[in-house]
Amino acid sequence: MPRSIGLSAAFGLGDTGAESWRPIRGFPNYEVSDLGRIHRLMPGRGLARPGHLLKTRIDQGRWVSVLLFSPDRPLPLQRYVGRLVAEAFWGAPQPGAVVEYLTGDPLDCRACNVRWARRKRALRWRRSYEP
């Protein structure tokens, strides 16, 4: 059975086998990985424990989101995982920038698949991948 090549190998990013974690700006109790996963750093409410991977959900049939608690707010805030990954691994966006998914698949939130782009470019790129 043939093995499929991952995007990280296709783009020359290599596959170290180790997940890289970065802090999430504005949410000191969480980290996001280059694979698009989010975990807690500190114990939380209920059963939440350090290292616990958060559940994600798909909004509007195409965007992966997660609920995060901020230390200064009693209610969770919804954040899109692709945007969290882009902020953590590619820096803060320029004004008007949106997340562009290189494969055209917004369910793939890996760092090697997201980047910042101007809205017009991202829409053109996305249209080229839609069926």
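A residue counts as exposed when its relative accessible area is over 50%, as buried when that area is under 20%, and as partly exposed in between. With that in hand, here are some close-up views of this predicted model.

**View 1. R25 reaches E87 from an exposed position.** At a relative accessible area of 60%, R25 lies over the 50% cut-off and is therefore exposed. Its salt-bridge partner is E87, with 3.4 Å between the closest N and O atoms. This pair ties together distant parts of the chain: R25 belongs to the loop between strand 1 (21-24) and strand 2 (27-33), while E87 sits in helix 2, 62 residues apart.

**View 2. E87 also pairs with R83 inside helix 2.** Here the closest N and O atoms are 3.7 Å apart. E87 and R83 are four residues apart in helix 2, so about one helical turn separates them. R83 has a relative accessible area of 35% and is partly exposed.

**View 3. A buried glutamate meets a partly exposed arginine.** The side chains of E100 and R115 form a salt bridge, 2.8 Å from N to O. Again the pair links distant parts of the chain, with E100 in strand 7 (residues 97-101) and R115 in strand 8 (residues 114-118), 15 residues apart. E100 has a relative accessible area of 1%, which is under 20%, so E100 is buried. R115, with 26% relative accessibility, is partly exposed.

**View 4. R25, R83 and E87 make up one network.** Salt bridges that share partners join these residues. As you look around the rest of the model, keep in mind that the structure holds six salt bridges, including the R25 to E87 pair.

**View 5. Strands 4, 5 and 6 form an open sheet.** The three strands lie in the order 4-5-6 and pair antiparallel. Strand 4 (57-59) and strand 6 (77-80) are the edge strands, each pairing on one side only. On average, neighbouring strands of this sheet are turned by 45° against each other, direction ignored.

**View 6. Helix 2 packs on the sheet beside strands 5 and 6.** Strand 5 (residues 63-68) and strand 6 run antiparallel and are joined by four bridges. Looking for a residue to start from? Try L67, whose bridge partner in strand 6 is Q78. Helix 2 (residues 81-90) touches both strand 5 and strand 6, and its direction makes about 70° with that of strand 6. This is the helix that holds E87 and R83 from the second view.

Technical notes: Residues numbered from 1 in each chain as written. Predicted model: local features only at pLDDT ≥ 70, side-chain atom pairs only at ≥ 80, totals over all residues. Heavy atoms only, no water. Pairing = 2+ DSSP bridges. Helix = DSSP H or I, 4+ residues; strand = E, 2+ residues; numbered from the N terminus. Axes fitted to C-alpha atoms, helices over the stretch in contact; angles between N-to-C directions. Contact = heavy atoms within 4.5 Å. Salt bridge = Lys/Arg side-chain N within 4 Å of Asp/Glu carboxyl O. Buried < 20%, exposed > 50% of the residue type's maximum accessible area, 1.4 Å probe, protein only.
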